[in-house]
Amino acid sequence: MLSLHLRADLLTWCIAGAATAGVILRPFRWPEAVWAMAGAALLLLLRLLTPGLAWAGVMRGLDVYLFLAGMMLLSELARREGLFDWLAALATAAAKGSATRLFALVYAVGILVTAFLSNDATAVVLTPAVYAAARAARVADPLPYLLACAFVANAASFVLPISNPANLVVYGGGRMPPLAEWLGTFALPSAAAIATTYAALRLACRRALAAETIAAHVERPALSLPGRIAGIAILLTTLILVGSSWAGLDLGLPTLAAGGAAALVVTLLNREAPTALLKGVSWGVLPLVAGLFVLVEALDRTGVVALLAEELRRVVRTTGPGEASAILGSLVALATNLGNNLPVGLLAASAVQEAGTPPRIAAAILVGVDLGPNLSVTGSLATILWLAALRREGLRVTAWQFLKIGLVVMPPALVLALAVLR
């Protein structure tokens, strides 16, 4: 007979696993947030987690919610005012009829958007803009350019602390490194990941690009005054976030303040109520992340984090920091494709903090959390949002299609990024 305590732990693991599977697979095409929140609610109803502990789990993600809310406001503002369509048209015109040049330009724009606005902005906002630009250029197969958005969103997501909400998750319970320290740790691995991902993706798409012809001249939409203001707001927000990161401050509140201020200025200028802007924001991301934080809090109470922490200490003790970072970074990268990088990142970060491992281990885990999702469509929130953006355009990319390319793109980028991590 299993003890009551062990049965409660097993039930908690089953609920957390089922909820995570729901987030990844979206049964009945219900939104991902429904499954995360349902799992959290079931834990409370079955008294496997007290309301106080559930609330503590939710509050662990406060900085992430503020950061996401601010970024989504800025992204929706840029989308509504045509800023990203304008940028995509510039890239298309600069391609001068060359499919490979357009591919490179889309990838380059994706690096900038991911680095300074987050990988979710690349997935949610840049993807439909690139699709619109591809249609304007009369591209027969837009998939290579759309794949560039998906893969660069993860490959460039550890250039800066602000480039991926998962970065806030991994360091959220500890000390977020100041910008100078961050760049010293991640500049070279980021460059390696970005370059290797581009080369591998370019190789995977070579036949489609070689067969493609695109229009040399496309119509460039006019950028309105609100659109220019949105662009200026994004640049100012970038400066604020880089300054906050340099000072080692939390990023959530400055991001929300900047996004809210920009939205207020533009809505006043347009003489419209803010409700239209707010309706366009994907607010379901916030309860999704909150639900995942609650699930991880419940798993923590079953002793999973303590077991992981002990295993981390054992690996470091028996192999040394260098080899351990490569092993653990690779394992976390694979795990993100089984359980999504947010819950995996939360568990791994909690274990690292409890184990007291060297900083290089935490850095390797962050590389795995950010870059690992380029293997499959289940790996990251950004990729899930990318798929949703494609569905809105009437496009479908199957899990097998993505995996075939991911097997070519992700492993070499991960190996090289971890190899140059110091």
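Between helix axes, angles under 35 degrees count as roughly parallel, over 145 as roughly antiparallel, 65 to 115 as roughly perpendicular and the rest as oblique. The model considered here is predicted, and two of its helix pairs may be read with these classes in mind.

The pair formed by helix 17, spanning residues 321-339, and helix 18, spanning residues 341-355, packs at an angle of about 135 degrees. The axes of helix 17 and helix 18 lie 7 Å apart. Helix 17 and helix 18 are therefore oblique to each other, and their crossing is right-handed. On the side of helix 17, the contact is made by Val332, Ala335, Thr336 and Gly339; on the side of helix 18, these residues meet Asn341, Pro343, Val344 and Ala348. Sorted by class, the residues of this contact between helix 17 and helix 18 comprise five nonpolar, three polar and no charged.

The other pair brings together helix 3, residues 51-59, and helix 15, residues 285-301. The axes of helix 3 and helix 15 come within 8 Å and cross at roughly 125 degrees. That angle makes helix 3 oblique to helix 15. The crossing of helix 3 and helix 15 is right-handed. Helix 3 contributes Leu53, Ala54, Gly57 and Val58 to the contact, while helix 15 meets them with Ala290, Phe293, Val294, Glu297 and Arg301. The contact of helix 3 with helix 15 has six nonpolar residues, one polar residue and two charged residues.

Methods: Residues are numbered from 1 along each chain as its sequence is written. This is a predicted model: local features need pLDDT of at least 70, side-chain atom pairs count only at pLDDT 80 or more; totals for chains, interfaces and linings use all residues. Side-chain values use heavy atoms; hydrogens and water are left out. Axes are lines fitted to C-alpha atoms, for helices over the stretch in contact, and angles run from 0 to 180 degrees between N-to-C directions. Helices (H or I, at least four residues) and strands (E, at least two) are DSSP runs, numbered from the N terminus. A crossing is left-handed if the near helix is turned anticlockwise from the far one by less than a right angle, and right-handed if clockwise. Contact means heavy atoms within 4.5 Å. Ala, Val, Leu, Ile, Met, Phe, Trp, Tyr, Cys and Pro count as nonpolar, Asp, Glu, Lys and Arg as charged, and the others, Gly among them, as polar.
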